[in-house]
Amino acid sequence: MRIYEAQKQDEILTVICNKCKKAIKVEGNIIKEGLFEAEYRFGYFSNKDSEVHSFDLCEDCYDLITGDFLIPPEVTEVSEIL
């Protein structure tokens, strides 16, 4: 969950893990910890047609959730981090 500056919707004040409520370190609008951001737009043929769901997970919660997967997430490495 992201909390933005009231006057500037592009300036992040705080990020909180939606699962454990851990506050993620943010300095100068830059997230300084591992964070998984998800956003999904449900379409036709679901019970959530036209809804957009979004959430943030700290790295520990991401590891706990994906650790239960029977098929693990596909992981690739990049040579340059932007």
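**View 1. E39 and R41 at the surface, joined by a salt bridge.** E39 is exposed, with 51% relative accessible area, where exposed stands for over 50%, buried for under 20% and partly exposed for anything in between (1.4 Å probe, protein chains only). R41 counts as exposed too, at 58% relative accessibility. Their side chains meet in a salt bridge, 3.3 Å from N to O; the term asks for a side-chain nitrogen of Lys or Arg within 4 Å of a carboxyl oxygen of Asp or Glu. By this rule the count comes to four salt bridges.

A word on what you're looking at: this is a predicted model, so local features need pLDDT of at least 70 and side-chain atom pairs count only at pLDDT 80 or more, while totals for chains, interfaces and linings use all residues. Residues are numbered from 1 along each chain as its sequence is written, and side-chain values use heavy atoms, with hydrogens and water left out.

**View 2. E27 and K25, another salt-bridged pair.** Here the N-to-O distance is 3.5 Å. E27 counts as partly exposed at 40% relative accessibility, and K25 gets the label partly exposed as well, at 42%. Salt bridges that share partners tie K25, E27 and K32 into one network.

**View 3. K22 reaches E33 across the chain.** The closest N and O atoms of this salt bridge sit 3.0 Å apart. The two partners come from distant parts of the chain, eleven residues apart: K22 is in the loop between strand 2 and strand 3 (23-24), and E33 is in the loop between strand 5 (30-31) and strand 6 (35-41). Helices (H or I, at least four residues) and strands (E, at least two) are DSSP runs, numbered from the N terminus. K22 is partly exposed at 33% relative accessibility, and E33 is partly exposed at 30%.

**View 4. The largest nonpolar core.** Eight residues make it up: I12, V15, C17, I24, V26, L57, C58 and C61. To qualify, buried Ala, Val, Leu, Ile, Met, Phe, Trp, Tyr and Cys residues must be joined through side-chain atoms within 4.5 Å. Strand 2 (12-16) and strand 7 (52-58) each chip in at least two residues of the core. Zoom in on C17 and, leaving aside neighbours within four places in sequence, you'll find K22, D56, L57, C58 and C61 in contact with C17; contact means heavy atoms within 4.5 Å.

**View 5. D56, a buried residue in strand 7.** At 4% relative accessibility, D56 counts as buried. Not counting residues up to four places away in sequence, D56 touches M1, R2, V15, I16, C17, N18, L35, F36 and E37.

**View 6. Helix 1 and a nonpolar patch.** L64, I65 and F69 make a nonpolar surface patch of about 280 Å². Patches use residues with over 30% relative accessible area and no salt bridge, with like charges joined within 9 Å and nonpolar side chains (Val, Leu, Ile, Met, Phe, Trp, Tyr) within 5 Å; the accessible areas come from the Shrake-Rupley method with a 1.4 Å probe, and for residues only the protein chains shown count as cover. I65 lies in helix 1 (residues 59-67) and counts as partly exposed at 32% relative accessibility. T66 also lies in helix 1, but T66 counts as buried, at 13%. A polar atom of the T66 side chain lies 2.9 Å from the backbone oxygen of Y62.

Notes:
Polar contact = N/O pair within 3.5 Å; in protein donor to acceptor, adjacent residues only side chain to side chain.
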